[in-house]
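Reader: I've got a few questions about this one before I head back to the bench. Could you walk me through it?

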Amino acid sequence: MDVWQQNLTNPAHFGKNKVNVGLGSIYSNTVIEGVTIDDILRIEGEQTIIDIDAAIANMNDQNSLDQYLSIETLNIGLNFGKIGVSLSHAIKLDAFYEYPKAFPQTVFQGNAQFIGQTVEIGSSINLNTYNELALGLAYQEEKFSIGGRVKLLTGINGARTNPDRNSASLFTDDDIYQLTLNADYELQTSGFLNYTDISDFELQIAPEDGVFKLGGENSGLAFDLGAKVNLGKLHFSASVLDIGNIEYKENSKIYSTSGSYLYEGPDISQALSGEDVDFQSSLDTLQKIFEVTETNDAFTVNLAPQAYLSAKYDVSEKFTVGALYYGRFSDNNSKTVIALSGQMKFGKVASAGLTYSIIDDKFTNVGLNGAVKLGPVQIFALTDNLIGVVSQKDGDVINFRAGLNLVFGDKKEVTAGE
Amino acid sequence: MKFYILPFLAVILLAVSCQKISNLDDIEIVSSDAEFAVPLLSAEFTLQKLLDNFGELAVITIDPDGTIRLTYDGEILSQGADVITSAINDVLPLGFPVPVTENELLLPFSIPAEYEFDFISLKAGSLVYAFTLAPEDEIDLVLTFPNFLIDGEPIEYTVSAVGGQPFYGNTLAPTDLAGAVIDPEADGSLRVLYTATNADGSNFEFGSGLRNLAFTIQDNLEFDYLEGYLGGEVFDNDTPGEIVIDFFGEFTRGDVWFQEPTITMTIDNSFGMPVSSQAEYFEVVTVDGEVLPLRSDELGPDLELDFNYPGLDEVGESKQTTYVFNKDNSNIDSILGSSPAFIRYDVNALPNPDQDTDLRGFISCESEYSVNLKADLPIYGRASNFGAQDTFDLNFNDYKDVKSVEFKIVTENQLPLDIGMQIYFVKNDNSIVDSLFADVTTVISSADVDGEGNATNSSKEETFAPIDAERFQKIATEANKVFVSTAFSTTGNGTIPVKVLADQKVEVRMGLKVVRE
């Protein structure tokens with residue numbers, strides 16, 4: 001069944017309906033490397049407990065949490081013969097956080113376990129929340145289609161560690177536990193953090209002015225491009241999405257620290273000879289460790305470009321098989337998905353499919369998708385990891401998309417579930 | 001650290017917020033105890049630095065070989081010429097009239113009896129005379145002081161007087177005696193002569209009309225120089241001397257033996273006559289209150305030491321005499337090796353100890369002698385369980401979430417000293433709650449020494465002092481003070497004499513592991 005939201009992954013796709021109205025859909029993709037939510041949370045009676053020890057015990061040396069959330073509020077597509085035009089709005093959250101296991105170990109369990117060792121505690125973050133207003137255009141022939149989309153972006157809030165400056169290591173000497181902190185760290189934020197010193201900071205997770213923010217100084221531009229080729233029973237599709245960035249100027253704060261600091265405790269030699277001890281130098285050293293330089297320069301957060309490449313073969317009128325390659329490339333992370341799919345149509349009112357995906361190094365992703373059309377109303381849902389949806393805590397990939405469309409002027413059925 | 005934790009907190013919240021949790025306040029974060037390791041303090045010192053603090057009264061000097069030397073200066077005992085001149089003044093008829101009733105008057109001037117002055121020069125003084133005469137008389141009077149010479153000539157007054165005036169003399173214009181010389185008769189007496197004649201030259205009988213003839217040496221007399229035999233009366237100091245050795249006051253127990261202590265007595269003397277010291281007492285008082293007298297077979301029981309002195313041709317010069325009490329000529333090593341608190345002494349001077357009256361001497365108005373004592377304690381010796389202690393306030397109110405701690409003490413020591421330590425956690429009433437170690441523990445180990453007592457290496461020691469949760473909570477809730485007790489011993493538990501050099505360092509570093517809830 002042709003699902004209008006396929007246009008989101010390939011702007012050359014406009015389906016065979018003259019009018020497509022997406023009344024709201026949501027797409028969430030969470031990839032957890034290392035510890036899972038289930039490792040962190042447990043319920044005891046009415047009490048929700050974050051178990052730090054259990055979380056740490058299940059961590060890899062390097063861990064990450066990748067969260068992509070897209071809420072499409074309205075998505076209208078019109079076919080004018082060979083020309084397709086679309087207009088859409090979405091609110092998107094793209095968050096990636098990577099941290100070494102040694103970091104929570106040090107913070108929550110102490111550094112005594114690392115005596116004599118240098119541990120890396122630097123972590124990376126890329127958080128980008130924005131409104132997207134998109135205008136798409138496609139040209140469609142019988143054998144091929146091409147399309148593009150230009151997207152006006154308005155940043156709600158953002159945070160980003162400079163990929164070239166996100167290192168911090170701690171060495172605990174085995175002598176008397178002298179601490180050496182080597183840091184070269186820069187955190188760029190907008191509407192996310194106000195940091196004065198180690199005892200005075202404010203973390204802003206939810207946007208202060210709400211999520212529907214279509215103006216302001218945090219602006220950007222992005223493009224999507226796509227093409228489709230139909231060779232009888234064989235169909236090819238290729239697209240690249242999110243080529244662009246947002247420049248954050250509003251409430252932008254860039255916090256940075258750099259240097260190597262050795263803390264040995266106060267030197268009380270002077271006290272032994274009857275003089276006053278200069279604790280200030282020791283305090284100065286501590287102060288330097290936490291001293292952060294703040295500037296209000298603008299910074300740019302790149303969207304994570306995505307690429308789709310797929311092929312489908314219509315085995316019969318009711319059954320289609322396909323293969324798909326998906327890549328997503330951010331400053332800190334890249335993700336690759338290779339998927340195989342089978343799709344069954346049930347008349348003109350329903351379709352269902354099964355997918356098997358290899359997501360990075362995870363081989364246990366079995367997905368389902370389905371769509372139902374009742375008159376002009378189309379409902380669809382899909383996931384690449386059924387286990388993650390049914391029992392979110394147990395999966396390290398949690399992925400789903402669901403939505404509601406109105407479609408008019410049905411010309412020709414196409415399959416859902418690319 | 002908090003700066004780096006911010007992204008982590010953010011994402012934890014982000015992740016949690018994806019769950020079906022209605023109220024984040026309901027979330028409880030649990031984790032096992034965290035153990036942190038942090039450096040506490042470090043210190044580097046030399047014994048010289050410590051001594052700068054301990055012994056405020058000591059001068060610390062370093063020998064060319066690096067040996068540290070503590071030098072304590074004593075109070076200076078001194079005696080000036082007034083010890084003799086005041087005695088003379090006491091016997092001279094100063095300030096009151098001496099009646100002249102005979103033509104020749106002999107005044108005894110050998111008091112004190114043992115003094116024999118060959119001559120005396122005066123720096124100041126004045127002489128007046130006066131008499132009365134009956135109105136009907138007229139005389140010529142000559143009053144002579146043959147033993148008072150001004151410019152080599154005797155003082156003589158010649159007066160022609162006609163009776164009728166209230167009195168006669170120079171009371172309104174006294175004779176200035178500055179620069180005058182008193183040259184006593186051979187028997188030490190002073191002669192005063194007078195003659196009175198009538199207008200016709202005949203002798204005027206004293207007592208007829210001439211009355212009240214008298215002279216006065218006014219009491220502003222000051223001696224400039226005295227020569228002769230100046231007696232054998234002891235010059236007694238009014239104030240005894242003391243050397244406070246405050247270094248030992250910092251320590252509370254144990255013994256220290258200095259291998260080569262000395263006390264140097266230096267006398268500067270410008271009295272021009274033989275003088276020897278005569279000690280009423282010279283003793284060491286230990287920190288325990290024990291009194292140990294200084295003995296010297298060489299100087300005898302009164303510690304008599306002859307002072308060098310200037311000869312008659314060396315007036316104005318000062319001669320110095322130095323005597324060093326050491327372990328070879330006295331018992332100084334045993335009395336100073338017993339933790340002295342102070343040395344007290346009263347050293348007088350005995351002039352002309354041989355009482356040889358043929359030996360003529362002098363004093364000038366500037367003559368004096370001074371006795372200066374200096375105790376010298378080279379840090380070369382033995383010490384055993386030599387202890388110091390101190391008390392500090394303690395407040396563990398901010399450590400309620402601490403379950404246990406472990407101190408780590410690392411020391412590197414170039415000194416040939418073992419230093420043991422115990423720390424007691426005590427209540428306000430000084431009752432002991434707990435102690436850091438089970439017993440006094442050597443936290444700083446002595447460096448090895450060679451046959452001459454010189455340290456040959458640096459000794460490293462690591463000491464761990466754990467305090468478990470139960471003990472720590474008891475200390476945290478009950479103790480208000482820490483009582484630190486230290487004990488020093490030289491290599492071999494105080495059996496081997498060692499040298500402590502200025503550049504020998506001790507490094508002390510302390511770290512802490514703390515388990516927090």
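**Odd backbones, cores and a patch**

Reader: Which label fits B:Asn212, buried or exposed?

Author: Buried means under 20% relative accessible area, exposed means over 50% and partly exposed is in between, using a 1.4 Å probe and protein chains only. B:Asn212 comes in at 55% relative accessibility, so it counts as exposed.

Reader: What kind of model is this?

Author: Residues are numbered from 1 along each chain as its sequence is written, while chains are lettered from A and ligands numbered from 1 in the order in which they are written. Side-chain values use heavy atoms, without hydrogens and water; local features need pLDDT of at least 70, side-chain atom pairs count only at pLDDT 80 or more, and totals for chains, interfaces and linings use all residues, since this is a predicted model.

Reader: What is the phi of B:Asn212?

Author: Most residues other than glycine have a negative phi. B:Asn212 sits in strand S16 (residues 210-217) of chain B; strands are DSSP runs of E, at least two residues, numbered from the N terminus. B:Asn212 is not a glycine, yet its phi is positive, at about 60°.

Reader: And what is the relative accessible area of B:Asn352?

Author: B:Asn352 also has a positive phi without being glycine, near 45°. You'll find B:Asn352 in the loop between strands S25 (340-351) and S26 (361-364) of chain B. B:Asn352 is buried, because its relative accessible area is 4%.

Reader: Which residues touch the most other members of the largest nonpolar core?

Author: A nonpolar core is a set of buried Ala, Val, Leu, Ile, Met, Phe, Trp, Tyr and Cys residues joined through side-chain atoms within 4.5 Å. The largest one holds 118 residues. Beyond four places in sequence, B:Phe131 touches residues including B:Ile139, B:Val159 and B:Asn212 (heavy atoms within 4.5 Å). The residues touching the most other core members are B:Phe131, B:Phe215 and B:Ile343.

Reader: Which element gives the most to the nonpolar patch?

Author: The patch includes A:Leu87, A:Leu133 and A:Phe223, and its residues total about 840 Å² of accessible area (Shrake-Rupley, 1.4 Å probe, with only the protein chains shown as cover for residues). Nonpolar patch members (Val, Leu, Ile, Met, Phe, Trp, Tyr) have over 30% relative accessible area and no salt bridge, and their side chains are joined within 5 Å; a salt bridge puts a Lys or Arg side-chain nitrogen within 4 Å of an Asp or Glu carboxyl oxygen. A:Leu133, in strand S7 of chain A, is partly exposed at 38%. With three residues, the top contributor is S12(A).

Terms used:
Helix = DSSP H or I, 4+ residues; strand = E, 2+ residues; numbered from the N terminus. Patch = residues over 30% accessible without salt bridge, like charges linked within 9 Å, V, L, I, M, F, W, Y side chains within 5 Å.
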